[in-house]
Amino acid sequence: MPGSNIMASLINELSAAASAAFEAMGLEAKWGAVRRSDKPEFANFQCNGAMGAAKSAGRNPREIAGEIAAALKEHSMILSAEVAGPGFINIRVSDEAMSQRAEFIRTDDMAGAEPAPDPKVTVIDFGGPNVAKPMHVGHLRSAVIGDTLVRLLRFLGDKVTGDTHLGDWGLQMGHLVTELYDEQPDLIYFDESFEGPYPEEPPVTIDDLARLYPAASAKAKADAARNERSQKAVAELQAGRAGYRALLRHFINVSVEALKIDYEFLNVHFDLWKGESDVDHLIPGLVEKFKTAGLSEEDDGAVIVRIERDSDKKDMPPIMLVNSRGGTGYHTTDLATIEDRMENMEPTPELMLYVVDQRQALHFEQVFRAAEMLGLIDEGHMEHIGFGTVNGDDGKPFKTREGGVLRLADLNTMAFEEAQRKIVEAGKLPEDMSEQERHEVAAAVALAALRFSDLHNTRTSNYVFDLDRFTSFEGKTGPYLLYAAVRIKSVLRKAAEAGFKPGDIKIGHDAERALVLQLDAFAAALLQAREKRMPHVLCEHVYNLAQGFSAFYAALPIASEEDADLRASRLALSAAVLNQLETGLDLLGIRIPERM
Ligand code: ARG
């Protein structure tokens, strides 16, 4: 955990002072909440609590505000506190306090952020790719939102484990097994009398899987008997047929290797690569528990769990725990996974976040209810972190020109190629850059483009896929932010080359004050992003910070300032911005090139 001598943000410091002042008057501390002023020409911060406090105490708001303002003026960091209108308190902070705050942020490990007050042991279930089925743009959202939440929560002190929860237990496994059989019936895996051990060398490549699954799935759609064969194969696999189990392991290994390449491009990382099939051994016991607790019932050879409540306003279908073939599906593996996590993870999780398409909301509501009914986990400890769809121009979920889903791997390639084009177009790269370095810059631009354009939307809304806009260096984009960070690096590097070093920060100009206030807002933005599980709050902050730096850069000379103390101060302030910008971008999973 970063340093114990954390300097609180100005805004928190002021809120604490105002709250203490309200309390001293016998009023509630909550009235002391302070926020950034809407009118920066009059104040840095404002406190609007006097009106509410006056109402509840039956007193005059301006009188209360006057007393609070008088108390605030005693505080060493406060330059002025004045009452305005019906009882607003406008607060200005001293340049000295701003200078100290900026200085702290420059060298702080957390760049001015503050740890969460209530850290939790948290599992983040995200990514959710399916073995054999190619990932599509929906999986992009889960991957980048989930990975960003992992980074953010961990940074703020939560003990986080990220799990992919691979889809490796459904009908697609039956499709693969049967289609492979049709191509190569002589494979040892299909010989029921074979006693093992099975070969270590996989019988298929990722290209085979990419071919077998769609072929089988298309045939099964057109032909009920073909589909039935796949269903039967899944049931046999789930019942433990050894050759099929051995095939399953191969399919998973081959898929995971390929998945890791796509995820690496997106800078997405997992602590656990567990899947649905990993909890298969827990299923019989789980079903037994539901039965013993009297929570399940037989229904036409299947075992179901009714989860509806009298208060339900919408349809709440029962969960199918075991189907009439004896097979188990998506609900059951999710329930067994919860049991597995609660019993086997150390320390025991206090929170599980599921970063999955909004369209699966019903599934999670069903699973959470059943898990709570059985007492696997307490109410409120699981959350579905849903997200909207990625749409095409037509407002419908994005499709390729051929009408298919866009595969994640193709998306990555497209973004990389578009980034290369944009870089050339912008003509920004230094002449002396090697091929290798150019390649890295293009990859960084593509990464920033894909991640930022996804994350800066409110998680729950849909957005339109527009690669041209995402990769642009102008506007609210990832590449713009990269450019902003690289520019600060270059200012500092060139200054260093000229022998100019950062020194004590002495704030004295409006453009500098505005920038410090922006830096100060980082702590609150991160805590809010965590609390709401909303990465766009962090994006918004990082973007405003970059804009704040641009305004400062346009308003004042930095390395070209003649006064040596001022120059050193502005270089240091730039370094503080860089520290926070780098931290923020890292939390968004964006890599910053050294030059571009
Ligand atoms: N594999 C699923 C899909 O592609 C997502 C898995 C989400 N996680 C979970 N625990 N259900 O839709």
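**Exercise 1. Find which residues of helix α6 meet which residues of helix α7 in this predicted model.**

Solution. Start on the α6 side, where Gln 172, His 175, Leu 176, Thr 178, Glu 179 and Leu 180 take part in the contact. Their partners in α7 are Leu 209, Leu 212, Tyr 213, Ala 215, Ala 216, Ser 217 and Ala 220. Next, sort these residues by class: eight are nonpolar, four polar and one charged.

**Exercise 2. Work out how helix α6 is oriented relative to helix α7.**

Solution. First locate the helices: α6 covers residues 171–183, and α7 covers residues 206–222. Their axes lie 8 Å apart and make an angle of about 100°. Angles of 65 to 115 degrees count as roughly perpendicular, so α6 is roughly perpendicular to α7.

**Exercise 3. Now describe the packing of helix α1 with helix α3.**

Solution. Helix α1 spans residues 10–24 and helix α3 spans residues 61–73. Here the angle is about 125°, with the axes 9 Å apart. That angle makes α1 oblique to α3. As for handedness, the two helices cross in a right-handed way. Now look at the side chains you would click on: from α1, Ala 17, Ala 18, Ala 21, Phe 22 and Ala 24 meet Ile 68, Ala 71 and Leu 72 of α3. The class count for this contact is eight nonpolar, no polar and no charged residues.

**Exercise 4. Decide whether Phe 364 is buried, partly exposed or exposed.**

Solution. Begin by finding Phe 364 in helix α12, which runs over residues 361–374. Then count its neighbours: 18 C-beta atoms lie inside 10 Å. A buried residue needs 20 or more, and an exposed one has 12 or fewer. Phe 364 therefore counts as partly exposed. Leaving out residues up to four places away in sequence, Phe 364 touches Tyr 354 and His 384. Ala 336 is 28 residues away from Phe 364 in sequence, and their C-alpha atoms are 14 Å apart.

**Exercise 5. List the residues around the ligand and sort them by class.**

Solution. Going along the chain, you meet Asp 125, Gly 128, Asn 130, His 165, Gly 167, Asp 334, Tyr 354 and Val 356. Sorting this shell gives two nonpolar, four polar and two charged residues. Tyr 354 should look familiar, as Phe 364 touches it.

**Exercise 6. Summarise the whole protein chain.**

Solution. Count the secondary structure, and you get 20 helices and 13 strands. Of the 596 residues, 46% count as buried. Finally, the C-alpha atoms fill a box of roughly 85 × 70 × 45 Å along the principal axes.

Technical notes. Residues numbered from 1 in each chain as written. Predicted model: local features only at pLDDT ≥ 70, side-chain atom pairs only at ≥ 80, totals over all residues. Near = placed C-beta within 6 Å. Nonpolar A, V, L, I, M, F, W, Y, C, P; charged D, E, K, R; others polar. Helix = DSSP H or I, 4+ residues; strand = E, 2+ residues; numbered from the N terminus. Axes fitted to C-alpha atoms, helices over the stretch in contact; angles between N-to-C directions. Parallel < 35°, antiparallel > 145°, perpendicular 65-115°, else oblique. Left-handed = near helix turned anticlockwise from the far one by under 90°. Contact = placed C-beta atoms within 7 Å.
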